[in-house]
Amino acid sequence: MKKHFRVLTVCLAALLLIQLAGCKTPSETTAPETTAAQDETTQAPETTADSHVTRDPDEVPVLNPNAKDRGPIKFLSIGMSFNVNETHYLYEMLQEAGYEKVEVAVLYHSGCTLNQHYDFMRKDAKEYRLYYNGKGTWTITEGYTMDMALRMTEWDYISFNPGVESAGLPGVFEPYLT
């Protein structure tokens, strides 16, 4: 169950990134034409602007090479270690997607559920570690409250992770998320 939830969450995060980057989803693109190899050696197929291009594995990929300057974007994820993992490359990906000023933060507490987040918020408890990336490198600060993180800036997107044990169960979001 945990593995399926993680896969679903990663898929949802990928769809969010596709939406933010303005990229086409696989169902919106057409499959590139294939060419048959004539010898033992293969040649790269001719490509057009809409076809898939195979990249050198050492080359940094570009999400949307035609992206224009998209202005600033600010993303806060509140949760546990999964949130740290899912946002690890988000700064770079958003910059490659054309956003000029990117801020990504994770308000982290190990194994935290929405009920615990709610309790920490009500008590203004300094129970969190803040992971922040606003210039291409991550900084980590201990002793953060949820209020401190929410007031850092005007976040464009805020995501919550309900916790591994309660993921996908009915009733885990309310009344805590409201």
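Strands S2 and S3 pair in the antiparallel sense over 5 bridges, where pairing requires at least two DSSP bridges between the strands. Helices and strands here are DSSP runs, numbered from the N terminus: H or I with at least four residues for a helix, E with at least two for a strand. In that S2–S3 pairing, Tyr-108 has Arg-129 of S3 as its bridge partner.

Before going on, the basis. This is a predicted model, in which local features need pLDDT of at least 70 and side-chain atom pairs count only at pLDDT 80 or more, while totals for chains, interfaces and linings use all residues. Residues are numbered from 1 along each chain as its sequence is written, and side-chain values use heavy atoms, with hydrogens and water left out.

Now the overall count. The protein has 5 helices and 5 strands, and from the N terminus on the order is α-β-α-α-β-α-β-β-α-β. Of its 178 residues, 31% count as buried. Buried means under 20% relative accessible area, exposed means over 50%, and partly exposed is in between, with a 1.4 Å probe and protein chains only. The accessible surface comes to about 12100 Å², and 53% of that belongs to carbon and sulfur atoms; the areas are Shrake-Rupley values with a 1.4 Å probe, and for residues only the protein chains shown count as cover. Among contacts with a separation of 6 or more, 67% are between residues 24 or more positions apart, a contact being heavy atoms within 4.5 Å.

Back to the strands. S1 covers residues 72-79, and 6 of its 8 residues are buried, so S1 is largely enclosed by the rest of the structure. S1 pairs with S2, residues 101-108, in the parallel sense over 8 bridges, and with S5, residues 157-160, also in the parallel sense, over 4 bridges. Phe-75 stands opposite Val-104 in S2 and has Tyr-157 as its bridge partner in S5.

S3 is a similar story on burial: 5 of its 6 residues are buried, so S3 too is largely enclosed by the rest of the structure. Its other pairing is with S4, residues 138-144, antiparallel over 6 bridges, and there Tyr-131 is matched with Ile-140. The S3–S4 hairpin has 4 residues between the strands, and Gly-136 in this hairpin takes a positive phi near 100°.

Next, helix H4, residues 114-123. Which residues of H4 are buried? They are Leu-114, His-117 and Phe-120. Seen down the axis of H4, the buried residues fall within an arc of 120°, so they line one face of the helix; the arc is taken over the directions from the helix axis to the C-beta atoms. These buried residues pack against S1, S3 (128-133), helix H5 (146-151) and S5. The face turned away from the buried side carries the exposed residues Arg-122 and Lys-123. After H4 comes Asp-124, with a positive phi near 50°. Met-121 is also in H4, and at 41% relative accessibility Met-121 counts as partly exposed. The C-alpha atoms of Met-121 and Met-146 are 5.8 Å apart, with their positions 25 residues apart along the chain.

On to aromatic pairs. Rings of Phe, Tyr and Trp (its six-membered ring) pair if their centres lie within 6.5 Å; planes under 30 degrees apart are stacked, over 60 edge-to-face, and the rest tilted. By this rule there are 2 aromatic pairs. Tyr-108 and Tyr-131 have ring centres 5.8 Å apart and planes at 85°, so that pair is edge-to-face. Tyr-108 lies in S2 and Tyr-131 in S3, so the pair ties together parts 23 residues apart in sequence. Both tyrosines are buried. Phe-120 and Tyr-128 form the other pair, edge-to-face at 5.6 Å centre to centre and 90° between the planes. Phe-120 is buried at 12% relative accessibility, and Tyr-128 at 1%.

Last, the cores. A nonpolar core is a set of buried Ala, Val, Leu, Ile, Met, Phe, Trp, Tyr and Cys residues joined through side-chain atoms within 4.5 Å. The largest has 14 residues, and those with the most contacts inside it are Leu-76, Ala-105, Leu-107, Tyr-128, Leu-130 and Tyr-144. S1, S2, S3 and H5 each supply at least two residues of this core, and S3 gives the largest share, 3 residues. A second, separate core has 9 residues, including Phe-75, Tyr-91, Ala-97 and Val-102.
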